[in-house]
Amino acid sequence: MFVKYEITVMALLCLKNSLAYPMGAGHCEQGDYSGKNTFGNHVLPGRGSLEENSLEISFGGVVLPTESTFDLKANQEYTVRIETTNAVGFKGFLLRAEGMNAEDLSSSFTGENDDVQIKEGCDDGIAAMTHKDNSLKTFVEFTFFHPTPVPELRLDVTVVRSGGQNDPGNWSYSLHALSVCAPDTPAGTFSLKKNKAGNVVSRSCEWLQGKSAAKQEKFCTKAKFQRYNKKTFPASRYCPTTCCGYCAQESNFARFIVGTKVNGVGVTVAQTKNCGWLKKQEFGDSVAYCANTVDFDTMYGQCSEICPNACAEICLGTGTCNTVCTPTGKR
């Protein structure tokens, strides 16, 4: 499974007579915004969340949750909307998106109009939108699009309802976690299980989409369904959108990429090993495999992604591995 990125959205909402950076918001640096002077004197945590102050942000018409990760699809356009849910307007905002694994999101926001503009001068990889002027608004809209999967996105939203550059005022802040998942494979089938005769039973992603949420989780996460049969893959790899939000439980037979090679007909293909093999390697070699990332377009995942239990134990205390999945099958 792909892991999740966090997006940082900062929305600055100010009432009439507020200064509020009239031509755009403050900085858009990398990392945690805690204690940073983002809009004049406006610093975390403000006076509560957006929801507590009658404000909300939505992607594609769905209001973002704050207690769970919100899944997006790669290569799909989403309308981003920041708005008040009462009669009180606002004057400015900053929406800042950051990938937690240093992905380049800098061009993910588009749709400049009379109210919004791309924030210039951000740190490398940061995507940010801000207000164009401090005229009173009840909502703003623009677009989010990212062509490839991103594991963890950080989204910070700051909203100011009164005050200015030298006045702490009344404002709100919310943090959201998002992920961008790859689209399901449109054709073909994944390996589900073996029947009593020992033959592989295959199903399509469309078949999986028609199952209940409980059965989708079962087929996406349970170790016994992580079947790699020559040229076929389990649902967790073949149907990344349907399985988005889950981490497959570790199986000794689950395979990860360790490198590439040129086969007998001159085509570059993935070289793979399984989790059972990893557990038998010398400690130093195991740490190296768990920490390694192979840049190659394939359905095979990275070692730390496919073997989260083994890598969590192998890398304990080394600080070298990014094990994003858990033994429970949840991110």
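The questions and answers below concern salt bridges and strand pairing in a predicted model.

Reader: How many salt bridges does the structure hold?
Author: A salt bridge needs a side-chain nitrogen of Lys or Arg within 4 Å of a carboxyl oxygen of Asp or Glu. In this predicted model, the number of salt bridges is eight.

Reader: How many residues apart in sequence are the parts that Arg81 and Glu141 tie together?
Author: Arg81 and Glu141 form a salt bridge, with 2.7 Å between the closest N and O atoms. Arg81 belongs to strand β5 (residues 78-84) and Glu141 to strand β10 (residues 139-144), so the parts tied together are separated in sequence by 60 residues.

Reader: Is Glu141 buried, partly exposed or exposed?
Author: Buried requires under 20% relative accessible area and exposed over 50%. Its salt-bridge partner Arg81 has 22% and is partly exposed. Glu141 has a relative accessibility of 32%, so this residue is partly exposed.

Reader: In which sense do β5 and β10 pair, parallel or antiparallel?
Author: One bridge partner pair is Val80 with Phe142, the latter in β10. Six bridges link β5 and β10, and the sense is antiparallel.

Reader: Which residue in β10 is the bridge partner of Thr110?
Author: Strand β7 (residues 109-110) runs antiparallel to β10 and is joined to it by two bridges. For Thr110, the bridge partner in β10 is Thr143.

Reader: Which helices does the salt bridge between Glu305 and Arg237 tie together?
Author: The closest N and O atoms of Glu305 and Arg237 are 3.0 Å apart. Glu305 lies in residues 303-306 and Arg237 in residues 235-238, so the salt bridge ties together parts 68 residues apart in sequence, namely helices α6 and α3.

Reader: Is Arg237 buried or exposed?
Author: The cut-off for buried is under 20% relative accessible area. Glu305, the salt-bridge partner, is buried at 12%. With a relative accessibility of 9%, Arg237 is therefore buried.

Reader: Which residue counts as buried at 14% relative accessibility?
Author: Lys279 and Glu250 form a salt bridge whose closest N and O atoms are 3.1 Å apart. Lys279 sits in the loop between α4 and α5, and Glu250 in the loop between α3 and β15, so the bridge ties together parts 29 residues apart in sequence. Lys279 is partly exposed at 46%. The residue that counts as buried at 14% is Glu250.

Reader: Which residues do salt bridges that share partners join into one network?
Author: The structure holds eight salt bridges. Through shared partners, salt bridges join into one network the residues Arg96, Glu98, Arg154 and Asp156.

Methods:
Residues are numbered from 1 along each chain as its sequence is written. This is a predicted model: local features need pLDDT of at least 70, side-chain atom pairs count only at pLDDT 80 or more; totals for chains, interfaces and linings use all residues. Side-chain values use heavy atoms; hydrogens and water are left out. Helices (H or I, at least four residues) and strands (E, at least two) are DSSP runs, numbered from the N terminus. Buried means under 20% relative accessible area, exposed over 50%, partly exposed in between (1.4 Å probe, protein chains only). Two strands pair if DSSP finds at least two bridges between them.
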